[in-house]
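Grab a pencil and work through these exercises with the model open beside you. Try each task yourself before you read its solution.

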Amino acid sequence: MYPDLQGKAVVVTGSSKGIGAAIALRFAREGANVVVNYNGDAQGAEAVVAQIEAAGAKGVAVQGDMSKEASATGLVQAALDAFGRLDVWVNNAGLEIPAHTHEMTLENWQKIIDVNLTGYFLGARAALQHFVAKGIKGSIINMSSVHEQIPWPRFAHYAASKGGVKLLNETMAMEYAPQGIRVNAIGPGAINTPINKEKMNDPAQKAALEAIIPMGFAGEPETIAAAAAWLASDQASYVTGITLFVDGGMTLYPAFMNNG
Ligand code: BGC
């Protein structure tokens, strides 16, 4: 537990389900108040808010498509209106639409880049504007992926967005370090969330996936949430510009496991 997170205000984009929901809940359990952003799933967001309140913190669900400029500024305002402050911003909203590159539509390319990369810029920019104007030593966390490093056939747009997040993260970390604003990323591997449900429900696909994880199993959203809480806390006060991989070893060249 990280007592310095008590009473802080956190925005988590895309937190009606999956990793985002686990992060929102973890911050609530640390005593922080949370803005739960969702795009389509109002019911999911309300369920997360109910869990936040059951944990003894305050939560508010706010709709917003993170590829739109007004959504990010709206979430900053929502945090200020509901909690009177903003300390931590988590860029998490993202999507994937698999297609071979030669069959990929411009529309889907654009959609992924707009949400997964431009959305992170817009979110971070809105949080930074508030932090800089008020002299707040805030923290920004960008949900990247092992695919900021590992190429992924049929996911060229997704991998490109995550590669972009890596240098967006590092550049912002360098740029705002003098003000004491820390910017870090988390690189999840395969996590048991709705995004992976189909794969995990198919024994052949599940086995193929587990074969490229040295630890041999997919992770739980709570392990990502634990990394987010630590990165936002004072325990990580000298950490900025990293991607913390939480991936059961997926980034360690697992094909070499039995080679040599
Ligand atoms: C994707 C998951 C995938 C994992 C490992 C993540 O970025 O969202 O669908 O299982 O990377 O490939």
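**Exercise 1.** How far is an oxygen atom of the ligand from an N or O atom in the side chain of Y158?

*Solution.* Start at Y158: an N or O atom of its side chain sits 2.6 Å from a ligand oxygen. That fits the cut-off for a polar contact, a pair of N or O atoms within 3.5 Å. Next, try H147, where the side chain gives a distance of 2.7 Å to an oxygen of the ligand. Finally, the side chain of K199 has an N or O atom 3.4 Å from a ligand oxygen. As for cover, the ligand taken alone exposes 310 Å², and the protein buries 93% of that (areas by the Shrake-Rupley method with a 1.4 Å probe).

A quick word on the setup: this is a predicted model, where local features need pLDDT of at least 70 and side-chain atom pairs count only at pLDDT 80 or more, while totals for chains, interfaces and linings use all residues. Residues are numbered from 1 along each chain as its sequence is written, and side-chain values use heavy atoms, with hydrogens and water left out.

**Exercise 2.** Into which groups do the residues of the shell around the ligand divide?

*Solution.* First, find the shell, meaning residues with a heavy atom within 4 Å of the ligand; among them are E96, W152, I195 and M250. Then sort: you get six nonpolar, four polar and two charged. Here Ala, Val, Leu, Ile, Met, Phe, Trp, Tyr, Cys and Pro count as nonpolar, Asp, Glu, Lys and Arg as charged, and the others, Gly among them, as polar.

**Exercise 3.** At roughly what angle do the axes of helix 1 and helix 2 cross?

*Solution.* Take the axes of helix 1 and helix 2 (residues 42-54): they come within 9 Å and cross at roughly 20 degrees. That makes the two helices roughly parallel (angles under 35 degrees). Now swap in helix 8 (residues 221-232): its axis and that of helix 1 (residues 18-29) come within 8 Å, crossing at roughly 50 degrees. Helix 1 and helix 8 are therefore oblique to each other (neither under 35, nor 65 to 115, nor over 145 degrees).

Conventions: Polar contact = N/O pair within 3.5 Å; in protein donor to acceptor, adjacent residues only side chain to side chain. Axes fitted to C-alpha atoms, helices over the stretch in contact; angles between N-to-C directions. Helix = DSSP H or I, 4+ residues; strand = E, 2+ residues; numbered from the N terminus.
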